[in-house]
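Colleague: Could you take me through one part of this model up close? I'd like to hear about the small open sheet and then how the rest is laid out.

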Amino acid sequence: GTPTQAAPQPTAGGGTPLSRVPVGGGTIVTKGEQTIRLVQPTAGTVKGFDASCPHQGTTVDPPQNGVITCPNHFSQFDGATGALRKGPAATGLTEVPVRVVDGSVQV
């Protein structure tokens, strides 16, 4: 089965509630034209990555067991750092600066 995920949530204004970013998992948000994969590898630690796989631009899946996988050609990235673990992608995911303010993730 394919994991289900919530519809993208805009980050304009108040941001995305931290509660929408599961610990050990992630969610997709958009800011303008950019699609961002928010992840929470450990409670209270939130990272943002460009959700496009650097190989061919496919939107990567949320992390499972600490690994973000591209569903197209199965490149794998570290769920906490975005670093490349396995190709065909040649580079890791691009980090997008995020911060948590009053329980809300802001890009």
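Modeller: Here's a walk through that sheet, followed by a hairpin and the overall picture. Bear in mind that this is a predicted model, where local features need pLDDT of at least 70, side-chain atom pairs count only at pLDDT 80 or more, and totals for chains, interfaces and linings use all residues. Numbering starts from 1 along each chain as its sequence is written, and side-chain values use heavy atoms, with hydrogens and water left out.

The open sheet has 3 strands in the order S2-S11-S10, with antiparallel pairing. Its edges are S2 (16-17) and S10 (99-101), each of which pairs on one side only. Strands here are DSSP runs of E, at least two residues, numbered from the N terminus, and two of them pair if DSSP finds at least two bridges between them. S2 is joined to S11 (residues 104-106) by 2 bridges, and Thr 16 sits opposite Val 105 in S11.

Elsewhere, S3 (residues 26-31) and S4 (residues 34-42) run antiparallel, joined by 6 bridges. Thr 27 has Leu 38 in S4 as its bridge partner. The two strands make a hairpin with 2 residues between them, and Gly 32 in the turn has a positive phi of about 65°.

Zooming out, the protein has 11 strands and 0 helices. Of its 107 residues, 33% are buried, meaning under 20% relative accessible area (1.4 Å probe, protein chains only). Looking at contacts (heavy atoms within 4.5 Å) between residues at least 6 apart in sequence, 34% join residues at least 24 apart.

Technical notes
Helices (H or I, at least four residues) and strands (E, at least two) are DSSP runs, numbered from the N terminus. Buried means under 20% relative accessible area, exposed over 50%, partly exposed in between (1.4 Å probe, protein chains only).
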